[in-house]
Amino acid sequence: MSDFMPTGGPEAAPAGDDEDDRWCMAVRLLGRIEQRLDQALRQSHGLQLSEYRALCALSREDSGGSLRMGELAERIGLKVSSVTRLVGRLEAQGMAERTSVGGEDGRGVRATISTAGHLRYQQATATYRAALGAELDAARENVHLAELAGWVRHT
């Protein structure tokens, strides 16, 4: 017996075969695009996709250039332990820094984007968006992915 409780609550109907199939297609689309974005960013800017996403989250106006590690992890879809290592890599490259927030237990840490990090993010954004657009357009040629890709693309 599973202890998993869906967010929809116990009254939510289980997914059927068609929903399962569509979800699998969405996951494949996401995986394919993620691979292409990572490849383009690595080749053109020496950035991993996760590093780009962290710089993106830290560059957002609502972040003020700084986020707690847990907030950053939530925004980019990684575990806090992974984000801690990720920010360490960005820090080693001069694109971010970690600062202690204080608190009673001394464990509060924020990641703050540097000027070099802002510049690298701005330089990589054109590459990221070109690769994303190309992959979404290609996905629109696949009968199973066309609707999803069109929705993301809004065209």
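**Fold, salt bridges and surface patches of the predicted model**

Of the 155 residues in the protein chain, 34% come out as buried, where buried stands for under 20% relative accessible area, exposed for over 50%, and partly exposed for anything in between (1.4 Å probe, protein chains only). The model is a predicted one, so to speak of local features takes a pLDDT of at least 70 and side-chain atom pairs count only at pLDDT 80 or more, while totals for chains, interfaces and linings use all residues. Numbering starts from 1 along each chain as its sequence is written, and side-chain values rest on heavy atoms, with hydrogens and water left out.

The secondary structure adds up to 6 helices and 3 strands, taking helices (H or I, at least four residues) and strands (E, at least two) as DSSP runs numbered from the N terminus. Walking along the sequence, the order reads α-α-β-α-α-β-β-α-α.

Two strand residues give a feel for how the chain comes back on itself. Val 109 sits in strand β3, which covers residues 108-113. Its C-alpha is 5.8 Å from that of Arg 68, although Val 109 and Arg 68 are 41 residues apart in sequence. Val 109 has 26% relative accessibility and is therefore partly exposed. Ser 100, for its part, belongs to strand β2 (residues 96-102). Between Ser 100 and Ala 111 there are 9.1 Å in space, C-alpha to C-alpha, and 11 residues in sequence. With 57% relative accessibility, Ser 100 counts as exposed.

Now to the charged pairs. Side chains of opposite charge can pair when their charged atoms come close. A salt bridge is taken here as a side-chain nitrogen of Lys or Arg within 4 Å of a carboxyl oxygen of Asp or Glu, and by this rule the model has 7 salt bridges. One of them joins the side chains of Arg 32 and Glu 135, at 3.6 Å from N to O. Arg 32 is in helix α1 and Glu 135 in helix α5 (residues 115-139), so this pair ties together parts that lie 103 residues apart in sequence. The partners sit in unlike surroundings: Arg 32 is partly exposed at a relative accessible area of 34%, whereas Glu 135 is buried at 14%.

Another salt bridge brings together the side chains of Arg 89 and Glu 51, 3.1 Å apart from N to O. This one links distant parts of the chain, with Arg 89 in helix α4 (residues 80-92) and Glu 51 in helix α2 (residues 49-59), 38 residues apart. Glu 51 is buried, its relative accessible area being 2%, while Arg 89 counts as partly exposed at 31%.

Asp 62 and Arg 75 also form a salt bridge, and their closest N and O atoms are 3.2 Å apart. Here too distant parts of the chain are linked: Asp 62 is in the loop between α2 and β1 (66-68), and Arg 75 is in helix α3 (residues 69-76), 13 residues apart. Asp 62 is exposed, with a relative accessible area of 60%, and Arg 75 is partly exposed at 40%.

As for cysteines, the structure holds 0 disulfides, a disulfide being a pair of cysteine sulfur atoms within 2.5 Å. Cys 24 counts as partly exposed at 35% relative accessibility, and Cys 56 counts as buried at 12%.

That leaves the surface patches. These are made of residues with over 30% relative accessible area and no salt bridge, with like charges joined within 9 Å and nonpolar side chains (Val, Leu, Ile, Met, Phe, Trp, Tyr) within 5 Å. Asp 17, Asp 18, Glu 19, Asp 20 and Asp 21 make up a negative surface patch. For charge, Lys and Arg count as positive and Asp and Glu as negative, with His and the chain ends not counted; each charge is placed at NZ of Lys, CZ of Arg, CG of Asp or CD of Glu. Within this patch, Asp 18 lies in helix α1 (residues 17-45) and, at 53% relative accessibility, is exposed.

A nonpolar surface patch is formed by Leu 148, Trp 151 and Val 152, which together have about 300 Å² of accessible area. Accessible areas come from the Shrake-Rupley method with a 1.4 Å probe, and for residues only the protein chains shown count as cover. Val 152 is found in helix α6 (residues 146-153), and at 39% relative accessibility Val 152 counts as partly exposed.
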